[in-house]
Amino acid sequence: ILKCDFYLFLFINLGYLKLSHLSHGIEVKVMNKDKLCLYANLTLSFSVTYEVADNKNKMVSFDLPASASSNDSKCDNTSSILKLSFPDGHSWSVNFSLKDKSYQAENITFVYNLNDSKVFPGSSSNETVTVTTKPDITDVGVNTCYSCKSEDTLIASPLANMTLSDVLIQAFILNGTKITTCSADKPVTPTPTPTHVTNATTVVPATNATTAVPPTTPTPTLPTPTVGNYSFKHDVNSTACLLANFGLRIGFTQNKEVNFDPPTEVSGSCGVDSSELILMSNGINVSLSFYNDTKKFRLHAVNVTLNTSSGIDYPGANLSLWEAAVGSSYMCNKEQNFTITDLLSIYTFSLHVQPFGVKNGLYSTAHDCSLDDPSILIPIIVGAALAGLILIVVIAYVIGRRKTHVGYQTL
């Protein structure tokens, strides 16, 4: 790990703002009244999926170019912003805030211009897209340099992500400095092999080990999505005709997943044969269509739309999910995973839904999914035990027959 205090000592004596392009990344020094107030050294790359002709999608990956400028970066006593701008309307920035004796990164903002044909060849859109995400840089002590050599991929939207590595940042510089490391870089002791990790790239084997086992960077996992409670009614004077509550995660092409935050806008429709729930949140629209065949209802179609100028759709229809008798509700507390199309998957958590026959705005008796029903385990266990017993009897019979046959030959 680079010694942050050594660099800061050199930079304070330089006395000016400068952006250096090193072989291992980008280096930024931000001055405030001839005093160094923010230092950053990092490697950064991007991955963006965008729409081309014939409603097809294309993904491009690119690194932060050497032409990036940090002129818009600034810092004061309570806030700092690291901003890297590069040609044709693209930029990347991190906002930091200082409270008491620690600071944190509030958000990362990535702005990319789809009209840039060099980066996005064949793009059918000319819009400039802004996406944000929150990095895991929190509670960093003042006069402390945050270090993280491990790669960290941040999913800012279903279509855009960014990868950071070899990060060294100090957002507020007052008196001296020390280093704090990210959790991915901290020493761990893997089992059962008796080795210990000194940093993200070096493994020291135990005395009885013959080879060093390189550590693997853990794949970032999303937290369980927040459960939203939704209802739809025809007008303000009527009771709800559709009820739903669930946590939702959406999986897109290119192995990207995002948690769908409870929306600020809910709409839909209720009918005799069909009902629809429409949810809108953070640039993602989700439509769930239900069908009633007079005896049972089911989730018939799912449509996810990304709010871009080209309005990218991920439709899926002719489904038969969440089936229950009309007049009852469907419930599944366990996580469920449904592949809607090759480009779209949904994951539900703590699901409860009733799209038809809602009375007095309350759920009717619930039909539990098989994952929640413990009684289904009984026939599975009994069946497995019987199968094992039959297998043992057959093996014993075959062995017995073979021994008897050998005995007859001896006589």
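Which residue of β3 is the bridge partner of K29? In this predicted model, that partner turns out to be Y39. The pair belongs to a broader contact between two strands: β2 (residues 25-31) and β3 (residues 36-52) run antiparallel and are joined by six bridges. Together, β2 and β3 make up a hairpin, with four residues left to link them. One residue in that turn, K33, has a positive phi of about 55 degrees.

How buried or exposed is β2? Seven of its seven residues are buried, so the strand is largely enclosed by the rest of the structure. That includes K29, the β2 residue bridged to Y39.

Backbone angles further along the chain are worth a look too. Most residues other than glycine have a negative phi. N318 goes the other way: it isn't a glycine, yet its phi is positive, at about 60 degrees. As for location, N318 sits in the loop that lies between β24 (312-316) and β25 (321-325). Its relative accessible area comes to 68%, and since anything over 50% counts as exposed, N318 falls in the exposed group.

W322 is another residue other than glycine with a positive phi, in this case near 55 degrees. Rather than in a loop, W322 is placed in a strand, namely β25. Is W322 buried or exposed? With a relative accessibility of 4%, W322 is buried, because the cut-off for that label is under 20%. So the two positive-phi residues part ways on accessibility: N318 is exposed, while W322 is buried.

Technical notes
Residues are numbered from 1 along each chain as its sequence is written. This is a predicted model: local features need pLDDT of at least 70, side-chain atom pairs count only at pLDDT 80 or more; totals for chains, interfaces and linings use all residues. Side-chain values use heavy atoms; hydrogens and water are left out. Buried means under 20% relative accessible area, exposed over 50%, partly exposed in between (1.4 Å probe, protein chains only). Two strands pair if DSSP finds at least two bridges between them.
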